[in-house]
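Trainee: I am new to this structure and would be grateful for a close look at one part of it. Could you take the place where the two chains meet, and then lead me outward from there?

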Amino acid sequence: MVSLLIDGKKVEAEPSQTILQAAQKLGIHIPTLCHDPRLTPSGACRMCVVEVEGARSLVASCATTVSDGMKVSTRSESVTRARKLNLELIWSDHPNDCLTCDKTGECQLQKFMYEYDVKTSRFTEQNPPSAPDDSNPGIYRDMNKCILCGKCVRICDEVQDQHIWAFSNRGMQTSIATAFERPLKDSGCVFCGHCVSVCPVGALMDRPSAKKGRPWETKKVRTVCCYCGVGCSLMLHVKGGEILKVTADTHSPPNYGSLCVKGRYGYEFYKSQDRLTSPLIRDHIDQPFREANWEEAISLVARKLMEIKRKYGPDAFGCLSSSRGTNEENYLAQKFARAVMGTNNMDNCARVCHAPSVTGLRAALGSGAATNSLADIEGAEVLIVSGSNTTEAHPVAALKIKKAVRQNGAKLIVIDPREIELVRHATVWLRLKPGTNVALINGLLHVILKEGLENKEFIRQRTENIDMLRQVVAQYTPEKTEEITGVPKEDIIRAARIYAGTKKGMIVYGLGMTEHKAGSHGVMSLANLALITGNVGRPNTGINPLRGQNNVQGSCDMGALPDVYTCYQKVDDPVINKKFSEAWGCQLPAKPGLKEPQMYREAQADKLKAMYIIGYDPAATQANINEVKSAMKKLDFLVVQELFMTETAKLAHVVLPAGCFFEKDGTFTNAERRVRRLNQAIPLPKGTKHDWEIICLIASTMGYPMHYNHPSEIMDEIARLTPEFAGIDFKRLEGDGLVWPVWDKNHPGTPILHKDTFTRGKGRLNDLLYTPSEELPDDDYPLYLTTGRRLYHYNNGSMSLRNPEIYAISSEEFVEIHPDEAERLGIQTGDTVRVTSRRGSLEVKAEVTTKSRPGSVFLSFHFPETPTNVLTGPGEDLLALTPEYKVCAVKVEKA
Amino acid sequence: MNKKMQKNQESPDIELQKLEDYIDKFHTKFDNSDIIPILQFVQDIYGYLPCDALEFVSKKTHIPLSRIYGISTFYAHFSFVPRGKYTIKVCIGTACHVRGAEKVNAKLEELLNIKNGETTADYKFTLESVGCVGTCALGPIVVVGTSKKSEACCGGPLKSGRNVSLGDKFHGQVTPENIEEIINKYQGETDE
């Protein structure tokens, strides 16, 4: 610590801190245009100059570190004169456009001109005109307004790691440009909008909000993004019931100001013309829908469901809720299934993504949740990223991974068959054959145990079953592992040594681990890796699933699963069953219910007669959708609650229009177990209702009174019934929310699980053999098909495809194929090809790329025109029944 | 996406082998200080900075294309368009200016039938102006340089930015009257 005087006030600061930081400590305001705490100082704008006693000239306070005894003046006459002159110089080359500029009111230049009373500039007779360029999706440019602070260049380099902007030319001609002045779409831009968010003037702005309103006219509403499990904090700017733009608060976790393209520009779908705004009903699915009023629709649903319950029993009903929905809605959905219908046939769309995480982590550690927070990623020394194309599926989490590597020197081990973007940052890339995760991880375990790199103390004190594990992995020598996985044995040995050699090793994984026949096993294997090296229970360690949808964690926590109530309290535990039966005032069924895929089988077998599907589109996103659709068509009654006419809604008898996440109060729980408030920003469209209201209406009409005035009352009920949520209420959730478990009203939350003991007592080392995938390539279908996400879209595309800005960037699917196969098949990028599996066939354009592993092709499932899931397979996770989206066999031909 | 596809389909119209060999001789971990020597090499072998070559450099070195572009545009030495075999640089520094550089320039524009900054249709000459070249006593100065230099001239891979001017020839005390003779000398030289 050094001591200095700023404007006569004494302040202590670290020697590495700048004068600006020290002044901020004192609450002294120094104007800046090019400074951002996230970026390395550049000292470009000269607004922050201060006078330092004894210095030869004024210094840039943002780039000058403090020293002991320094005497600084931030408001001396020479400082003020310099700043005024500086403003004049900037103004001399800036359009005098404040009257019509969208930035007016939050423009930093305007603010400082006011502050320093600079009315015009001596250096120009006429200001240049505004030069608007709205040819790019999302991002509006006006390079004449640019003051060359370089923040956009630096944030794109340092935070987003995309390197799109650069200073071009020199002198008066200097401007900010993409390489060769290409349009953003062709420059590699990922439209995260970081550059827009830091622009101090009107040079970069959000295109969709242009000319729609000024900052003082908008109401700012804080909420949570619903496009992935990172759960970024959003700030919605709302005027007259319309969202004008989305920004992010730089102080708010987990994203601290960062957003991806979906978070920033994916907000227009709610006003799409084809939004459902009236209940639709029909007697038979061959008939067209007719509009009905709510009363008629609700009473029809109630009558039909009661009829089916009476006729076929409660287990002829199944309910699917949504990981896009709030905790409160998921809680009510399972309460409806259990208390009103009397069945545990309750599931949610986590079944098709992270159900194996819940199964696997519960078996290993006792809790099916991420062990650490997302912020921990940045401080890890070694990161294993397995089966996660983080850059595209969880872009903001990927920024943390890249920061750990680029700025903090972490070593990155990427386990992925595809050459995903993170491979560029990897120390070791284990490019395994799809579906051989367990074998590969056994190989890593083998090396660690054989070389004695395990944490013996931790294993003895905190785990069980090490002897069996040793026996099983003994056979997975590097040679054998190489044979199964195709990963060179040297890399296996290297990766094992790197991970075992750190006390800050963190595992982050995605659906590449779970969506396999051995998905749960894969998760348990990763847990083995963390357990034998003792990398659990401390900061920057642990095993952390990146959840696909925004509330996968929450929908599971809320008991929207066939065997548990909230927070995994078992339905067949008599004490728990009694607790819930008493609370809900009815005898609840104790037999665990059907998992989602079982529901379709039961429907095919005419045993399941009715389904209630909330905000979920299995007819597009389940595997082998032809089967799923034919099962749905056999139902006597299907109710779907949706925003749009999805593939599933098209098969319904009743479609009930609901609100989207901008229109809701409630809570989401992100991948790090952070429960966070969603705040309603805009009114529900006329004719729609909240999901929770609809459930209550149906339940009440069926004779089970369900009434809440506000979702907060639902959360209060959840807190009463759930020890881990006991301390949670809406009031406490304001701000950045709480990380469960929150044991009582004073408990601060639990960012790190399993600190001293595992939820299940001892950590279980599960001894697992490698199980090959269900359907492997053969002569007829020689290629692996792997499916996954793309950056620009979300799930079935029902929301993301309806955002004009995003649609302008990405509007069609393409199958990724390796040049080797492409050459053999005579396929070039842009060709239309036919992809066929044993279950279905589709046509799609090809992209020839080395991103694909030789022998594998890749498709996303976002585009209705390319229904990828007609192809996907028969395999499913042995324990959780999650479809094996990552492996099935296909052939590709030129169409 | 579509644009990218088209790009990939194009057969590269420039030969990249020499460039690849050159970059391979560098090192494996590139940083910003490597950009200028590489750009000089590119301009030397192609006579300008072809877009495809810069993309290739970016891919090979992992230096962002935007940064390469920014640096390329910063220095007047680099050009994105093919240049003439000879670059005629008319000094318009203060001393040359007062001694009639403008008239020399005008005469050159007339002789070559191009504007300053342009290249003749036969890619023989590029005409441009420069600031002071530091030999004011001899002004007006015209410097004629071969933009496309031979290996012999460079002496192998470039080591610093200084040998850029190795192929330059200075002509002092140029007048609108004697400039034609000077140009004709280059005009008459046949391609090797």
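Mentor: The account below begins with the interface and then turns to the sheets, a salt bridge within one chain, and some backbone features. Please keep in mind throughout that this is a predicted model.

Let us begin where the chains meet. On one side stand 21 residues of chain B, in contact with 24 residues of chain A. The size of an interface is often given as the accessible area lost when the parts come together. Here chain B and chain A bury about 1800 Å² between them, and 58% of that area lies on carbon and sulfur atoms. The interface also holds charged pairs: the rule finds two salt bridges across it. A:Asp157 and B:Arg67 form a salt bridge, with their closest N and O atoms 3.1 Å apart. In addition, six residue pairs are in polar contact across the interface of chain B and chain A.

Which elements of chain B supply the side that touches chain A? At least two residues come from each of α1 (2-9), α4 (51-61) and α5 (65-74) of chain B. The greatest contribution is that of α5(B), which gives seven residues. By character, the residues on this side of chain B comprise eleven nonpolar, six polar and four charged.

We may now move into chain A and consider its sheets. One of them is an open sheet of seven strands, in the order β15-β14-β26-β25-β24-β16-β17, with mixed pairing. Its edges are β15 (290-291) and β17 (346-348) of chain A; each has a single partner strand, so one side of each is left without a neighbour in the sheet. At the β17 end, β16 (residues 317-321) of chain A pairs with β17(A) in the parallel sense over three bridges. Within this pairing, A:Leu320 has A:Asp347 in β17(A) as its bridge partner. Helix α8 (residues 327-341) of chain A packs on the sheet and touches β16, β17 and β24 (610-614) of chain A, its direction making about 170 degrees with that of β16(A). Helix α21 (residues 596-604) of chain A lies across β16, β17 and β24 of chain A as well, and runs at about 145 degrees to β16(A).

Another open sheet of chain A has five strands in the order β20-β19-β18-β22-β23, and its pairing is parallel. The edge strands β20 (428-430) and β23 (543-545) of chain A each pair on one side only. On average, neighbouring strands of this sheet are turned by 15 degrees against each other, direction ignored. Five bridges link β18 (residues 382-386) and β19 (residues 411-415) of chain A in the parallel sense, and A:Ile384 stands opposite A:Ile413 in β19(A). Helix α16 (residues 489-500) of chain A lies across β18, β19, β20 and β22 (505-509) of chain A, at about 125 degrees to β20(A).

Antiparallel pairing is found in chain A too. Strands β33 (residues 832-836) and β34 (residues 841-848) of chain A run antiparallel and are joined by five bridges. A hairpin of four residues connects β33(A) to β34(A), and A:Thr832 stands opposite A:Lys845 in β34(A). β33(A) also pairs in the antiparallel sense with β36 (residues 888-894) of chain A, over four bridges; there A:Val833 stands opposite A:Lys894.

Returning to charged pairs, the rule counts 61 salt bridges over all chains. One of these is formed by the side chains of A:Asp7 and A:Arg75, at 3.1 Å from N to O. A:Asp7 lies in the loop between β1 (2-6) and β2 (9-13) of chain A, and A:Arg75 in the loop between β5 (71-73) and α2 (77-91) of chain A, so the pair ties together parts that are 68 residues apart in sequence.

Lastly, some details of the backbone deserve attention. Most residues other than glycine have a negative phi, and most peptide bonds are trans. A cis peptide bond, with omega about 0 degrees, joins A:Pro253 and A:Pro254; A:Pro254 is in the loop between β13 (242-247) and α6 (261-265) of chain A. In chain B, the peptide bond from B:Gly139 to B:Pro140 is cis, with omega near -5 degrees. A:Phe180, although not a glycine, has a positive phi of about 55 degrees, and A:His754, likewise not a glycine, has a positive phi of about 60 degrees.

Notes:
Residues numbered from 1 in each chain as written. Chains lettered and ligands numbered in written order. Predicted model: local features only at pLDDT ≥ 70, side-chain atom pairs only at ≥ 80, totals over all residues. Heavy atoms only, no water. Contact = heavy atoms within 4.5 Å. Buried area = accessible area lost by both parts, 1.4 Å probe. Salt bridge = Lys/Arg side-chain N within 4 Å of Asp/Glu carboxyl O. Polar contact = N/O pair within 3.5 Å; in protein donor to acceptor, adjacent residues only side chain to side chain. Nonpolar A, V, L, I, M, F, W, Y, C, P; charged D, E, K, R; others polar. Pairing = 2+ DSSP bridges. Axes fitted to C-alpha atoms, helices over the stretch in contact; angles between N-to-C directions.
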